[in-house]
Amino acid sequence: MAAKPKLYYFRGRGRMESIRWLLAAAGVEFEEEFLETKEQYEKLQKDGCLLFGQVPLVEIDGMMLTQTRAILSYLAAKYNLYGKDLKERLRIDMYTDGTLDLMLMIALAAFQPPEDKEENYACIVKRAKVRYFPVFEKILKEHGDDFLVGNKFSWADIQLLEAILMVEELSAPILSDFPLLTAFKARISNIPTIKKFLQPGSQRKPPPDGHYVEVVRNVLQI
């Protein structure tokens with residue numbers, strides 16, 4: 001029996017969360033080693049595990065994978081969530097790059113000074129409502145299927161749901177003007193593997209708090 005994938009990251013979302021989502025959606029069990037000290041991080045570097053000195057790090061198939069986008073692409077292809085041909089893969093790449101941009105803005109905002117956070121979050125909500133969500137509403141309307149690409153569940157659907165839920169944490173009524181996205185959220189959330197990941201007690205991580213930010217800064221010395 002093949003070993004479970006092992007994820008090395010902080011005990012929080014960050015760049016690893018989309019990887020957790022993708023594995024969970026594929027129905028793949030995984031283990032996690034949480035970085036909580038500078039020494040743990042330095043050991044990974046010393047052992048040559050971190051190609052560019054950065055996490056996320058995923059141990060799978062006898063390899064130590066780094067760089068978030070490369071990890072996600074590999075997992076999506078491995079678990080048949082990456083489209084049927086190059087054209088579908090291209091669309092999946094475009095859609096996931098867009099949602100990743102949005103989620104990265106939210107993740108980075110947690111590290112801003114407290115007095116700037118509310119303004120940053122308001123800006124992110126506005127950008128989601130004006131720039132990102134209208135695009136996906138239009139895609140769903142023009143495509144006319146249950147999923148974003150082809151008529152098959154893919155990495156693009158997984159990451160869009162993740163992005164929607166992250167923005168809803170900042171503004172609960174964000175989807176009020178997007179009926180197709182509202183239906184999409186309900187539909188994808190009810191896929192059995194996704195539904196399981198959304199339940200309490202799963203390996204899904206909560207929004208970052210002050211303790212998480214402090215641990216990351218201490219480990220990385222930033």
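The legends below describe close-up views of a predicted model.

**View 1. The annotated N-terminal region, residues 3-83.**
The UniProt record, an unreviewed entry, lists residues 3-83 as "domain: GST N-terminal". Over residues 3-83, helix makes up 36% of the chain and strand 20%. The C-alpha atoms at the two ends of this stretch lie 26 Å apart.

**View 2. Helix H1 and its burial.**
Nine of the nine residues of H1 are buried, so the helix is largely enclosed by the rest of the structure. The buried residues are Glu17, Ser18, Ile19, Arg20, Trp21, Leu22, Leu23, Ala24 and Ala25. Just after H1 comes Gly27, with a positive phi of about 75°.

**View 3. Ser18 and its surroundings in helix H1.**
Ser18 belongs to helix H1. Its relative accessibility is 7%, and under 20% is the cut-off for buried, so Ser18 counts as buried. When neighbours within four places in sequence are left aside, Ser18 is in contact with Leu72, Leu100, Met103, Gln159 and Glu162.

**View 4. Helix H1 beside helix H3.**
H1 spans residues 17-25 and H3 spans residues 68-78. Their axes come within 10 Å and cross at roughly 5°. That angle makes H1 roughly parallel to H3. On the H1 side the contact involves Ser18, Ile19, Leu22 and Leu23. On the H3 side it involves Thr68, Ile71, Leu72, Leu75 and Ala76. By class, the residues of the contact of H1 with H3 are seven nonpolar, two polar and no charged.

**View 5. The buried residues of helix H3.**
Thr68, Ile71, Leu72, Ser73, Leu75 and Ala76 of H3 are buried. The buried residues of H3 pack against two helices and two strands: H1, helix H6 (155-170), strand E3 (57-60) and strand E4 (63-66). Asn80 follows H3 and has a positive phi, near 60°.

**View 6. Helix H1 crossing helix H6.**
The axes of H1 and H6 come within 10 Å, and the crossing angle is roughly 130°. H1 is therefore oblique to H6. The crossing of these helices is right-handed. From H1, the contact is made by Glu17, Ser18, Trp21, Leu22 and Ala25. From H6, the residues are Trp155, Ile158, Gln159, Leu161, Glu162 and Leu165. The contact of H1 with H6 has seven nonpolar, two polar and two charged residues.

**View 7. The pair formed by helices H4 and H5.**
Two packed helices are described by the angle between their axes and the distance between the axes. For H4 (residues 86-109) and H5 (residues 114-143), the axes come within 9 Å and cross at roughly 165°. An angle over 145 degrees counts as roughly antiparallel, and H4 and H5 are therefore roughly antiparallel to each other. The crossing of H4 and H5 is left-handed. H4 contributes Arg91, Tyr95, Gly98, Thr99, Asp101, Leu102, Met105, Ile106 and Ala109 to the contact. H5 contributes Lys117, Asn120, Tyr121, Ile124, Arg127, Ala128, Tyr132, Phe133, Phe136, Ile139 and His143. By class, the contact of H4 with H5 has 12 nonpolar, four polar and four charged residues.

Definitions and conventions: Residues are numbered from 1 along each chain as its sequence is written. This is a predicted model: local features need pLDDT of at least 70, side-chain atom pairs count only at pLDDT 80 or more; totals for chains, interfaces and linings use all residues. Side-chain values use heavy atoms; hydrogens and water are left out. Axes are lines fitted to C-alpha atoms, for helices over the stretch in contact, and angles run from 0 to 180 degrees between N-to-C directions. Helices (H or I, at least four residues) and strands (E, at least two) are DSSP runs, numbered from the N terminus. Angles under 35 degrees count as roughly parallel, over 145 as roughly antiparallel, 65 to 115 as roughly perpendicular and the rest as oblique. Contact means heavy atoms within 4.5 Å. Ala, Val, Leu, Ile, Met, Phe, Trp, Tyr, Cys and Pro count as nonpolar, Asp, Glu, Lys and Arg as charged, and the others, Gly among them, as polar. UniProt positions are given in the numbering used here, feature names are shortened, and annotations may be inferred rather than shown by experiment. A crossing is left-handed if the near helix is turned anticlockwise from the far one by less than a right angle, and right-handed if clockwise. Buried means under 20% relative accessible area, exposed over 50%, partly exposed in between (1.4 Å probe, protein chains only).
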